[in-house]
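Me: I have a model open and would like to understand the labels put on its aromatic residues. Could you go through them with me?

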Amino acid sequence: MKAQPQVDSREAWRRLALAMTISTIGGSAMYLVSVVLPAVQRDFGIARAQASLPYTAMMIGFGIGGVIMGRMLDRYGARVPALIGSVNVGLGFILAAAAPSIWWFALIHCFVLGMFGSSATFVPLLTDTARWFVRRRGIAVGLFASGNYLAGALWPPIVQHFVDGYGWRLAYGGMGVFCLLTMPLLAWRLGARAPADAGAPAAGVGGVAATPARPFGLAPAQAQALLCIAGIGCCVAMAMPQVHIVAYCTDLGFSAAQGARMLSLMLACGIVSRLISGAICDRIGGLPTLMLGGVLQLTALVLFIPFDSLVSLYLISALFGLFQGGIVPSYAIIVREYFPSATAGVTTGNVLTATLLGMALGGWMSGKIFDLTGSYNAAFINGIAFNLLNLSIAAFLWYRVRSRAAGASGAAPRGLPS
């Protein structure tokens, strides 16, 4: 009889490497639409807000697809959604390259590249990774999530080179062929489901047992709704630099290639951030890591407003990547710490869908604010406001966690009077 796979095993690390590679290739769809934004705007003769719609449409599709693929993960395991996503990412790039209008371009990004494509290479594989690890769950989730940012660091300068030399349509088509030749083979090798014992409820922060029936002392629907709102808040803020940095640079008189390099630097630093945040998660838990990332992201957003020279933009882009990279993966850790494991795919899918909807909303809002005001300063301020919303919810949930821990031990919460 074949031995059952075990958590924290060699098989777990092998699957993590496969999942990271799939995410690195499949995650390209999330970032290349930003790279071609100026070229698409010129090609179709449209305003900046319209040119931002394909990104918004893709992130909406990505978010809805996360829920669909999360349910598919709970039912069939990781291989099936990964295969579906692998085929659709390749086809999506090829179909988008032939789009006759911005509306077709946006619809393809929504349904093919987003809903049934790139979403399957992130949400279900992130959830599956959390199930395969216990002792090193934070660092494993951070490693996997770094694949998504590695996509952002790797592909923009490569594709920008081909956009400059051959046009955005040929660059997109070539990317589609590459994805079709590589991703399905990797997805097929994922194999077995997560071990059964990986579903045991995680221990609470600070030694206090987790209570999945009442996460944070709230009804599950209430707790999930608050996390979803927090996710929207942090990612509206996150979308401003990630989606518009190339366009922002061209507006300031710098080249699109400089903007693409800034985006690449931002996301390369995000890789480091996700690894560090994963290690921090293993020590202090998901909620404190979320709050730390929120405070640091807020700091970087504020810095974008007064400093707009080429050197300062490179420096702030690097800081932004270092500060915000661990925010989204922390939600997966929070779900594993406070919610039932049996529905982890659906719950993680719902919460990450909210973060992606925040990215979609933030990408469109920033473009619309630019069209209304003629600059990005108000868009940065809008991002700061949404970031504060995220921080207030995270702090409220952490207060409830510490209050319940203090009540269980008969002591006042740390930092509060007895």
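Reply: Happily; we can take the ring pairs, then a charge over a ring, then two backbone angles. This is a predicted model, in which local features need pLDDT of at least 70 and side-chain atom pairs count only at pLDDT 80 or more, while totals for chains, interfaces and linings use all residues. Residues are numbered from 1 along each chain as its sequence is written, and side-chain values use heavy atoms, with hydrogens and water left out.

Me: What makes two rings a pair, and how many aromatic pairs are there?

Reply: Rings of Phe, Tyr and Trp (its six-membered ring) pair if their centres lie within 6.5 Å; planes under 30 degrees apart count as stacked, over 60 as edge-to-face and the rest as tilted. By this rule there are 17 aromatic pairs.

Me: Why is the pair of Phe122 and Phe144 called stacked?

Reply: The ring centres of Phe122 and Phe144 are 6.0 Å apart and the planes are at 25°, so the pair is stacked. Phe122 is in the loop between helix H6 (102-115) and helix H7 (123-132) and Phe144 in helix H8 (residues 137-166), so the pair ties together parts 22 residues apart in sequence. Helices here are DSSP runs (H or I, at least four residues), numbered from the N terminus.

Me: How do you know whether Phe144 is buried or exposed?

Reply: Buried means under 20% relative accessible area, exposed over 50%, and partly exposed in between (1.4 Å probe, protein chains only). Phe144 has 0%, so Phe144 is buried. Phe122, at 6%, is buried too.

Me: What makes Tyr248 and Tyr376 edge-to-face or stacked?

Reply: Their ring centres lie 5.5 Å apart with the planes at 85°, so this pair is edge-to-face. Tyr248 belongs to helix H10 (residues 220-251) and Tyr376 to the loop between helix H15 (344-373) and helix H16 (377-409), so the pair ties together parts 128 residues apart in sequence. Tyr248 is buried at 6% relative accessibility, and Tyr376 is buried at 3%. Ring pairs also link Tyr248, Phe304, Phe320, Phe370, Tyr376 and Phe380 into a cluster.

Me: Why is Arg79 said to sit over the ring of Trp188?

Reply: A charge sits over a ring if NZ of Lys or CZ of Arg is within 6 Å of the ring centre and within 35 degrees of the ring normal. The charged end of Arg79 meets this rule over Trp188, 4.2 Å from the ring centre.

Me: What is the phi of Phe216?

Reply: Phe216 has phi near 60°, a positive value in a residue other than glycine. Phe216 lies in the loop between helix H9 (168-188) and H10, and is buried at 3%. Asp8 likewise has a positive phi, near 55°; Asp8 is in the segment before helix H1 (10-26).

Technical notes:
Helix = DSSP H or I, 4+ residues; strand = E, 2+ residues; numbered from the N terminus.
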